[in-house]
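Welcome! Open the structure in your viewer, switch to a cartoon view, and let's walk through it together.

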Amino acid sequence: MKKRIVVITLLLAFVFVSVAIAQPNCVTKSGYIASVSEELFDKAVSYAVQKDYVALQKLLDSKLVFMLKAGVPVYLEDTKMFSGKVKIRPAVSTVSVWTNIEAVDCK
């Protein structure tokens, strides 16, 4: 009986720890571009650097490139440190997007 209580207690502790770990510990910042594909994100950044705001606006109008809202809880899915890009997935979403690593604040 004592062994069973210990096992149940350990299982419950494991479940609570697993749920705590599974929570997103990052949130987005506003004012940054994001895109559904890495290629389109690279194009948007390139247009912004070149100050080709007409081309950038066309990407934004396509809704495949968009501005991030602040405070959205996200999971990190991929990080490319040398290029400064990160792939994130908003909590409860099945769609991942690419953005600048500076656009995400992780605790």
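In what order do the seven strands form the open sheet? Select them and read across: E3-E2-E6-E5-E4-E1-E7, with antiparallel pairing. Strands here are DSSP runs (E, at least two residues) and helices are too (H or I, at least four), numbered from the N terminus; two strands pair if DSSP finds at least two bridges between them.

A word on what you are viewing: this is a predicted model, where local features need pLDDT of at least 70 and side-chain atom pairs count only at pLDDT 80 or more, while totals for chains, interfaces and linings use all residues. Residues are numbered from 1 along each chain as its sequence is written, and side-chain values use heavy atoms, leaving out hydrogens and water.

Next, select the edges. Strand E3 (65–67) and strand E7 (104–106) each have a single partner strand, so one side of each is left without a neighbour in the sheet.

Now pick strand E1 (residues 26–28) and strand E4 (residues 73–80): two bridges join this antiparallel pair. Zoom in on Cys26, and you will find Val74 of E4 opposite.

Zoom out for the whole chain. Three helices and seven strands make up its secondary structure, and along the sequence they follow the pattern α-β-β-α-α-β-β-β-β-β.

Finish at Val36, in the loop between E2 and H2. Is Val36 buried or exposed? Val36 is partly exposed, with a relative accessible area of 39%; buried means under 20%, exposed over 50%, and partly exposed in between (1.4 Å probe, protein chains only).
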